[in-house]
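The following exercises are to be worked through with the sequence and the model in view. Each task is followed by a solution in steps.

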Amino acid sequence: MTRQELSKIFEKYCKKLRITPTWDVKLQFVEDASWPKTGDFKIDCDDRKAILMLNVANPKQENLEEVIVHELMHLKMYPLDQVTESLITSNFEEGTGAYHFAYQQFFVTLEQTVEELTKCFLFEFGDNKKLSYGRCDKQRSFNELYDGLKDIE
């Protein structure tokens with residue numbers, strides 16, 4: 001996909017998600033092939049500005065439209081993200097099991113929610129509705145999850 005096509009996709013979803021004009025958001029292409037992510041954000045909440053960074057040198061996902069929608073969903077949910085994170089940090093002592101558990105559950109649930117919303121928008125409005133399965137390739141198979149476990153008797 002060309003940068004111009006990616007920019008049009010970015011603008012399309014900024015409008016669909018009603019991110020603009022509330023936020024000033026720009027798309028930045030990352031040229032560094034060693035950058036480990038496909039997409040990420042830099043956010044200035046006080047000024048309501050954000051930069052969506054998109055890895056065009058070495059993306060880990062196949063569908064960059066999906067990545068753009070996913071990252072914009074994070075921006076859309078950022079206020080809820082910050083409130084939840086503040087609740088965790090103010091109610092649990094850092095370094096404790098409870099803190100780690102709450103933080104881990106929050107981030108797993110946040111990613112799952114963002115990805116589900118991404119799929120909904122992609123299936124409804126996307127030009128490329130094919131989901132990326134890049135992360136699955138790195139996971140163990142279902143049968144491998146049981147390797148080494150003792151039989152329950």
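**Exercise 1.** In which loop is R18 found? Describe its backbone and its exposure.

*Solution.* The model under study is a predicted one.

Step 1. R18 is located in the loop between α1 and β1.

Step 2. The phi of R18 is positive, about 55°, although R18 is not a glycine. Most residues other than glycine have a negative phi.

Step 3. The relative accessible area of R18 is 64%. Exposed means over 50%, so R18 is exposed.

**Exercise 2.** Which peptide bond is cis, and where does P21 lie?

*Solution.*

Step 1. The bond that leads from T20 to P21 is cis, and its omega is near 10°. In general, most peptide bonds are trans.

Step 2. P21 belongs to the loop between α1 and β1.

**Exercise 3.** Determine the order of the strands in the sheet and the sense in which they pair.

*Solution.*

Step 1. β1 and β3 are joined by seven bridges and pair in the parallel sense. Within this pair, L27 has L52 of β3 as its bridge partner, and F29 has L54 of β3.

Step 2. β2, residues 39-44, is joined to β3 by six bridges, and these two strands run antiparallel. D40 stands opposite M53 in β3.

Step 3. The three strands form an open sheet with the order β1-β3-β2 and mixed pairing. β1 and β2 are at the edges with a single partner strand each, so each has one side without a neighbour in the sheet. From one strand to the next, the twist averages 20°.

Step 4. Five of the seven residues of β3 are buried, so β3 is largely enclosed by the rest of the structure.

**Exercise 4.** How many residues lie between the strands in the hairpin of β2 and β3, and is R48 buried, partly exposed or exposed?

*Solution.*

Step 1. The hairpin has four residues between its strands, and R48 is found in this loop between β2 and β3.

Step 2. R48 is not a glycine, yet its phi is positive, near 50°.

Step 3. The relative accessibility of R48 is 36%. Partly exposed covers values between 20% and 50%, so R48 counts as partly exposed.

**Exercise 5.** Which residues have the most contacts inside the largest nonpolar core, and which elements each supply at least two of its residues?

*Solution.*

Step 1. This core has 32 residues, and F10, V25, L54 and L72 have the most contacts inside it.

Step 2. At least two residues of the core come from each of α1 (3-16), β1 (24-30), β3 (49-55), α2 (64-76) and α4.

Step 3. V25 serves as an example: leaving aside residues up to four places away in sequence, V25 touches F10, I19, F41, A50 and L75.

**Exercise 6.** At what angle do α3 and α4 pack, and which residues meet?

*Solution.*

Step 1. Helix α3 covers residues 78-91 and helix α4 covers residues 97-125; they pack at an angle of about 170°, and their axes are 10 Å apart.

Step 2. Angles over 145 degrees count as roughly antiparallel; α3 and α4 are therefore roughly antiparallel to each other.

Step 3. From α3, the residues D81, T84, E85, I88 and T89 meet Y99, A102, Y103, F106, F107 and L110 of α4. Sorted by class, this contact has seven nonpolar, two polar and two charged residues.

How values were computed:
Residues numbered from 1 in each chain as written. Predicted model: local features only at pLDDT ≥ 70, side-chain atom pairs only at ≥ 80, totals over all residues. Heavy atoms only, no water. Axes fitted to C-alpha atoms, helices over the stretch in contact; angles between N-to-C directions. Parallel < 35°, antiparallel > 145°, perpendicular 65-115°, else oblique. Contact = heavy atoms within 4.5 Å. Nonpolar A, V, L, I, M, F, W, Y, C, P; charged D, E, K, R; others polar. Core = buried A, V, L, I, M, F, W, Y, C linked by side-chain atoms within 4.5 Å. Buried < 20%, exposed > 50% of the residue type's maximum accessible area, 1.4 Å probe, protein only. Pairing = 2+ DSSP bridges.
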